[in-house]
Amino acid sequence: MHDIARELNEQIEQENPHVYELLSDLGRNLYYPKGILTQTDEAKEKAYRFNATIGMATEKGQPMYLSVIQDTLSEYNPQDIYTYAPPAGKPKLRAIWREKILKDNPSLQGKTFTLPIVTNALTHGLSIAADLFLNPDDTLVLPDKIWGNYTMIFGTRRDAKIKNFSFFAEDGRFNAQSMKEALLAQKEQGKAVLLLNFPNNPTGYTPVEQEAQAIIDALLEVADQGINLVVIADDAYFGLFYEDSIKESLFGRIANIHPRILAVKVDGPTKEEYVWGFRVGFITFADASSVVCECLENKAKAIIRGTISNASHPAQTFVLHALESPDYEKQKQEKYMIMEGRALKVKEILKSGQYQELWDYYPFNSGYFMCLKLKGGVKAEQLRLHLLQEYGVGVIALGESDIRVAFSCVEKEDLEELFEYIYRGTKDLE
């Protein structure tokens, strides 16, 4: 083990031994090296004649570029487009995103957490968390309604065991009891990683206040039983809250609540600002010790340096430009209203009762999606293929009986027709 990694581990263990116990073998070995980048930073400050440290080409004091590219980006300074971004991301973008998190999540006020670290979108942020905290055969606790890529990120890549709990209880509420039981089952191991995704993909559900409190109470009970927890909040669809749900991330409520609970937030502008192809995300850690936070940031930077080196500088610049624009809030609200209108229209269609002979639907109040639960003998995959082949309609089949519908990509005025086709396809197969 490198001396820097050993020093980081000693600091973490001294400040919070439970966080040290949560680190994977890889997480313990990670450190951000004092190598070329450190020497380059020193040269930027002191090399007043010639700076021959940077692995990029310059011309007349600016990054070298091709006019065929710069002509389409003339609004931006070449320094904000062509140079390498720092491994942790543009400092100004990180600071502004932290301000945004604080504004959006009142429960975070007065708590200790890192500056958000820029990732190559949310999947990369989740992968960093997997590397830091999961050894082979460690347990990741997930609801049974999940984004399928979690299995690849945590199971296939890190060889973690996946333990599912029931997302919904019989009364249609979030099943905090089932979640607690799945976590308590890890008592012998003494450690678990819990991943919660709200608004949820695929169901489009976010807990209401009573359910959120039940989640917090369950986590505290588990921690009091001596189980160390990493709780990852996958906030990919943050802000798209349409009805009675809580309006902030559980990260804010979980941060700093117990020495055995380390809160991790993975988020970004991908869905929040409708920039799916920019691939900009963030990972943020919360522990009551600022020293622990600094050490975890160092280790996260080491993963970035050792995998992608740094995230796209142009994409970070574009996002920063949007966040600083005086029109940002107004334009974002306009898009929110469109999304809310679609969600409420879907609910209106389904509440009419005209389709209840063929399917039920899971509760939804947020996000991009909702899920139908087919009745009778029609199988989800059978229906999916039939809708494609006979009606040119695409939906996602999940398991035996669930169909995910993304209302995010269907115009409000077309939603009735969409569900009529799903109904017609289901009737065909009865």
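# Salt bridges, pockets and a surface patch

Mentor: At 55% relative accessibility, glutamate 400 counts as exposed, because the cut-off for that word is over 50%. Please keep in mind throughout that the model we are reading is predicted.

Trainee: And which class does lysine 379 fall into, exposed, partly exposed or buried?

Mentor: Lysine 379 has a relative accessibility of 42% and therefore counts as partly exposed. I mention the two residues together because a side-chain nitrogen of Lys within 4 Å of a carboxyl oxygen of Glu is read as a salt bridge, and here the side chains of glutamate 400 and lysine 379 meet at 3.2 Å, N to O. The pair links distant parts of the chain, with glutamate 400 in the loop between β12 (396-398) and β13 (402-406) and lysine 379 in the loop between β11 (369-374) and α16 (380-391), 21 residues apart.

Trainee: How many salt bridges does a search of the whole structure find?

Mentor: The search finds 28 of them, and another to look at joins the side chains of aspartate 80 and lysine 90, at 3.3 Å from N to O. Both aspartate 80 and lysine 90 lie in the loop between α5 and α6, so this pair ties together parts that are 10 residues apart in sequence. The two partners are not covered alike: aspartate 80 is partly exposed at 30% relative accessibility, whereas lysine 90, with a relative accessible area of 10%, is buried.

Trainee: Where do glutamate 272 and lysine 100 lie, and what does their pair tie together?

Mentor: Their side chains meet in a salt bridge of 2.5 Å, N to O. Glutamate 272 belongs to helix α12 and lysine 100 to helix α6, so the contact ties together parts that are 172 residues apart in sequence. Glutamate 272 is buried, and lysine 100 is buried as well. The reading can then be widened from a pair to a network, since salt bridges link Lys100, Asp104, Glu272, Glu273 and Lys332.

Trainee: How should I read the empty spaces, and what volume does the second largest pocket have?

Mentor: Rolling a probe the size of a water molecule over the atoms shows where empty space is left. In this model the second largest pocket has a volume of about 530 Å³. It is lined by 19 residues, of which Lys100, Asp104, Tyr328, Glu329 and Lys332 are the closest to its centre. Two or more lining residues come from each of α6 (91-104), α12 (269-272) and α15 (328-351), and the lining as a whole divides into eight nonpolar, two polar and nine charged residues. Lys100, Asp104 and Lys332 should be familiar to you, as they also belong to the salt-bridge network.

Trainee: How many cavities of 30 Å³ or more does the structure hold?

Mentor: There are three, and the largest has a volume of about 70 Å³. Its lining includes Leu196, Phe198, Phe238, Phe241, Asp235 and Glu248, and by class it has eight nonpolar, two polar and two charged residues.

Trainee: Turning to the surface, which residues form a nonpolar patch?

Mentor: Leu66, Val68 and Ile69 do, with about 310 Å² of accessible area together. Leucine 66 sits in the loop between β2 (62-63) and α5 (67-70), and with a relative accessibility of 55% it counts as exposed.

Conventions: Residues are numbered from 1 along each chain as its sequence is written. This is a predicted model: local features need pLDDT of at least 70, side-chain atom pairs count only at pLDDT 80 or more; totals for chains, interfaces and linings use all residues. Side-chain values use heavy atoms; hydrogens and water are left out. Patches are made of residues with over 30% relative accessible area and no salt bridge: like charges are joined within 9 Å, nonpolar side chains (Val, Leu, Ile, Met, Phe, Trp, Tyr) within 5 Å. Accessible areas come from the Shrake-Rupley method with a 1.4 Å probe; for residues, only the protein chains shown count as cover. Helices (H or I, at least four residues) and strands (E, at least two) are DSSP runs, numbered from the N terminus. Buried means under 20% relative accessible area, exposed over 50%, partly exposed in between (1.4 Å probe, protein chains only). On a 1 Å grid over the protein atoms alone, a cavity is a set of points where a 1.4 Å probe fits but cannot get out, and a pocket is an open set with protein on both sides within 12 Å along at least five of seven lines; lining residues have an atom within 4 Å of a point. Grid points are joined across faces, edges and corners, and a volume is the space filled by probe spheres set on the points. Ala, Val, Leu, Ile, Met, Phe, Trp, Tyr, Cys and Pro count as nonpolar, Asp, Glu, Lys and Arg as charged, and the others, Gly among them, as polar.
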